[in-house]
Amino acid sequence: MTDQELIDTARKYREFSYSPYSKFKVGAAVLTKKGNVYGGCNIENSSYPVTNCAERTAIFKAVSEGEKEIEAIALIADTEGPCSPCGACRQVMGEFHINKIIMANLKGDVKVVTLDELLPYAFTDKDL
Ligand SMILES: O=c1ccn([C@H]2C[C@H](O)[C@@H](CO)O2)c(=O)[nH]1
Ligand SMILES: [Zn+2]
């Protein structure tokens with residue numbers, strides 16, 4: 001599974017986005033250490049803060065299938081530059097030690113970063 005294939009999967013799941021309020025569609029896909037791929041989209045709610053981002057949908061799908069070991073996550077949206085994950089998703093990525101984040105947009109821009117770059121001085125399980 002190449003980075004581009006993971007981005008293509010995220011792009012496919014973006015089409016499932018339930019975003020009637022923001023109309024901002026996001027797709028994500030995680031690659032597990034076992035080699036399985038789980039896709040996700042953002043799912044909004046009339047009570048706005050209840051919304052789940054695409055990245056957390058994909059991560060929670062993997063974890064709820066018993067796969068906590070995650071190699072990489074890709075996310076994609078129709079943004080000017082590669083789409084950057086929100087703070088809540090960064091924190092969840094930290095929980096599962098996802099170190100490779102592939103940010104993309106529909107135009108084909110891609111940026112690959114580490115969690116440490118996105119969330120320096122993260123609060124994690126090691127702090128408890
Ligand atoms: O990285 C991001 C950023 C935003 N959203 C969603 C949340 C909301 O549904 C919409 C606008 O914020 O986009 C994601 O899914 N992932
Ligand atoms: Zn988020």
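**View 1. Pairing of strands E4 and E5 in the predicted model.** In this predicted model, strand E4, which covers residues 100-105, runs antiparallel to E5 and is joined to that strand by five bridges. One of the residues involved is Ala 104, whose bridge partner in E5 is Val 110.

**View 2. The open sheet and its edges.** The sheet is open and mixed in its pairing, with five strands that follow the order E2-E1-E3-E4-E5. Strand E2 (37-41) and strand E5 (110-114) are the edge strands, each of them pairing on one side only. On average, and with direction ignored, neighbouring strands of this sheet are turned by 20° against each other.

**View 3. Helix H1 on the sheet.** Helix H1, formed by residues 3-14, packs on the sheet and touches strand E1 (26-32), E2, strand E3 (70-77), E4 and E5. The direction of helix H1 makes about 135° with that of E1.

**View 4. The surroundings of ligand 1.** Ligand 1 is surrounded by 15 residues, the closest being Ser 22, Val 26, Asn 42, Cys 53 and Ala 54. Sorted by class, the shell around ligand 1 consists of nine nonpolar, four polar and two charged residues.

**View 5. Residues annotated as a binding site.** An unreviewed UniProt entry lists Asn 42, Ile 43, Glu 44, Asn 45, Ser 46, Ser 47 and Tyr 48 under "binding site". Among them, Ser 46 is found in the loop between E2 and helix H2 (54-64), and Tyr 48 is likewise found in the loop between E2 and H2. Ser 46 counts as exposed because 8 other C-beta atoms lie within 10 Å, while Tyr 48 counts as exposed because 9 other C-beta atoms lie within 10 Å, the limit for this class being 12 or fewer.

Conventions. Residues numbered from 1 in each chain as written. Chains lettered and ligands numbered in written order. Predicted model: local features only at pLDDT ≥ 70, side-chain atom pairs only at ≥ 80, totals over all residues. Near = placed C-beta within 6 Å. Nonpolar A, V, L, I, M, F, W, Y, C, P; charged D, E, K, R; others polar. Pairing = 2+ DSSP bridges. Helix = DSSP H or I, 4+ residues; strand = E, 2+ residues; numbered from the N terminus. Axes fitted to C-alpha atoms, helices over the stretch in contact; angles between N-to-C directions. Contact = placed C-beta atoms within 7 Å. UniProt positions renumbered as here; feature names shortened; annotations may be inferred. Buried ≥ 20, exposed ≤ 12 C-beta atoms within 10 Å, placed from the backbone.
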